[in-house]
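These are my notes from going through one structure, entry by entry. I wanted to see how its sheets, helices, charged pairs and nonpolar cores fit together.

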Amino acid sequence: MEMKLRHKPFESPYEELIHPHLYRVRDNLFLVQFKVMKVLPAFNIVRRAMDRGEIKQDSLVVDTSSGTFALGLALVCHHFKLKLKIVSDPALDKNLKARLEDLGAQVVVVEQPDEQGNYQSKRLQVVKQIVEENKNAFWCNQYDNPDNLQSYSLIADLIAEKIGDQVSLVGAVGSGGSTSGIIQALRDRNPDSKMIAVDTFGSVLFGLNDSKRQLRGLGNSVVPKNLKHDLYDEVHWVSARLAYSWTRNLHRKHAIYAGGTTGACYGVADFLSRNSPDETFVFIGPDDGVRYMETIYNDDWLRENQFLLASNELVEPQECIGPWDVSGSPHDWAFMKWNRKSAL
């Protein structure tokens with residue numbers, strides 16, 4: 001079933017990328033799947049900045065991303081004929097880099113990580129330097145810009161219309177925009193809707209210590225302002241190898257070709273929906289699997305990087321009483337009841 005937005009943000013050859021499809025995976029489990037979900041916040045950020053006069057035709061649009069936000073922003077800037085500079089890191093795969101450059105974006109790759117082995121803080125330093133050196137630069141600042149969060153109310157409308165307004169939403173958290181934005185709008189309709197966050201080990205978003213993260217596309221080394229901690233009921237931390245195994249299972253069992261963040265959300269949502277058959281679960285898929293043909297869908301790559309989960313290996317979630325109970329542990333999957341509290 002295809003979900004159409006009532007108000008089309010713009011007409012372009014890439015318009016289909018922002019129309020999510022709705023899949024019923026099981027009786028009480030649904031997937032809202034995008035090709036490039038980040039086109040939505042990219043469009044909202046750029047369009048509103050143009051309306052306010054903060055972006056003009058000669059402006060340089062700048063932000064940091066190694067994944068789908070970079071692609072979404074490149075598509076939007078291509079549409080509006082705006083100059084774009086993306087600051088990324090070695091996690092940016094060569095095919096995506098080539099696509100960004102084909103769309104006219106200039107890509108700056110930060111080669112040296114910080115002391116924890118992550119690149120986020122170094123990327124942000126470069127962005128700030130670019131903005132300081134270019135008087136016509138506009139920093140989208142996806143992590144803190146409220147126009148990111150507000151763009152997702154349309155998705156909440158679609159979920160409420162097609163599935164219902166009382167759901168348990170499962171979504172990966174990076175900037176906090178999609179999960180905080182959707183659940184905030186859903187709770188305006190029904191305050192009993194739940195929000196389950198999917199994060200990864202080494203991410204600081206819900207109180208873990210900053211350390212090297214293997215699973216990309218979610219997690220963060222900084223806590224964004226768009227992450228509204230008091231909206232979340234539960235937090236799950238999953239490893240890269242488990243998320244990739246779930247991604248492949250989603251394809252094998254349901255013929256849904258998606259990326260690793262979708263797979264991470266699927267595994268958590270599948271587990272929860274089986275244990276709570278009276279609840280309706282919806283998980284968010286931010287992109288399809290095309291970018292991951294050489295990695296997640298390649299057994300040789302998984303084996304070489306020690307991400308291949310044995311077919312007979314059973315992984316169970318370990319409940320923790322707080323973030324301090326998770327840090328440094330060798331778990332593939334840990335979770336805790338967050339209970340809508342503010343950040344620890």
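**Entry 1: the parallel sheet**

I began at a single pair and found that Leu60 stands opposite Ala137 in E6. The model I am reading is a predicted one, and I keep that in mind for every value noted below. Strand E3, residues 60-64, pairs with E6 in the parallel sense, and I counted 3 bridges for this pairing.

Stepping back from that pair, I looked up the sheet around it and found 4 strands in an open arrangement, in the order E5-E4-E3-E6, with parallel pairing. Its edges are strand E5 (106-109) and strand E6 (137-139), each of which pairs on one side only. On average, neighbouring strands of this sheet are turned by 25° against each other, with direction ignored.

I then asked myself what lies across E3 and strand E4. It is H2, which runs at about 175° to E4 (83-88). Helix H2 spans residues 68-80 and contains Leu75. I checked whether Leu75 is buried or exposed. Leu75 counts as buried because its relative accessibility is 2%, and the cut-off for that class is under 20%. For a sense of distance I also noted that Leu75 and Glu294, which are 219 residues apart in sequence, are 23 Å apart in space from C-alpha to C-alpha.

**Entry 2: the mixed sheet**

The other sheet I looked up is open as well and has 8 strands, in the order E1-E2-E10-E7-E8-E9-E12-E11, and its pairing is mixed. Strand E1 (21-26) and strand E11 (318-319) form the edges, each pairing on one side only.

Within this sheet I followed strand E9 (residues 234-238) and strand E12 (residues 333-337), which pair in the antiparallel sense over 5 bridges. Val235 has Met336 as its bridge partner in E12. Helix H8, residues 240-254, packs on the sheet and touches E1, E9, strand E10 (281-285) and E12, while its direction makes about 95° with that of E9.

**Entry 3: charged pairs**

Before turning to particular pairs, I reminded myself that side chains of opposite charge can pair when their charged atoms come close. How many salt bridges does the structure hold? I find 19 salt bridges in the structure, and I followed three pairs through their surroundings.

In Lys97 and Glu101, the closest N and O atoms of the salt bridge are 2.7 Å apart. Both residues sit in helix H3 (residues 94-102), and because they are 4 residues apart there, about one helical turn separates them. Lys97 is partly exposed at a relative accessible area of 28%, and Glu101 is also classed as partly exposed, at 38% relative accessibility.

Glu234 and Lys337 form another salt bridge, with 2.8 Å between the closest N and O atoms. This pair links distant parts of the chain, since Glu234 belongs to strand E9 and Lys337 to strand E12, 103 residues apart. Glu234 is buried, with a relative accessible area of 9%, whereas Lys337 is partly exposed at 41% relative accessibility.

The salt bridge between Arg248 and Asp299 has its closest N and O atoms 2.9 Å apart. Arg248 lies in helix H8 and Asp299 in helix H10 (residues 299-304), so this pair ties together parts that are 51 residues apart in sequence. I noted Arg248 as buried, at a relative accessible area of 12%, and Asp299 as partly exposed, at 32%. Elsewhere, salt bridges with shared partners join Arg48, Arg52, Glu54 and Asp147 into one network.

**Entry 4: nonpolar cores**

In soluble globular proteins, nonpolar side chains tend to be buried together, so I looked for such groups here. The largest nonpolar core has 37 residues, and the members that touch the most others are Ile155, Ile159, Ile182, Phe206, Tyr232 and Trp237. Two or more residues each come from strand E2 (29-33), helix H6 (153-162), helix H7 (177-189), strand E8 (194-200), E9, E10 and E12. H6 gives the largest share, 5 residues.

I then took up Ile182: leaving aside neighbours within four places in sequence, its contacts are Tyr152, Ile155, Ala156, Ile159, Leu169, Gly177 and Ile284. A second core of 34 residues is separate, and among its members are Val25, Ala258, Leu309 and Val315.

Key:
Residues numbered from 1 in each chain as written. Predicted model: local features only at pLDDT ≥ 70, side-chain atom pairs only at ≥ 80, totals over all residues. Heavy atoms only, no water. Buried < 20%, exposed > 50% of the residue type's maximum accessible area, 1.4 Å probe, protein only. Pairing = 2+ DSSP bridges. Axes fitted to C-alpha atoms, helices over the stretch in contact; angles between N-to-C directions. Contact = heavy atoms within 4.5 Å. Salt bridge = Lys/Arg side-chain N within 4 Å of Asp/Glu carboxyl O. Core = buried A, V, L, I, M, F, W, Y, C linked by side-chain atoms within 4.5 Å.
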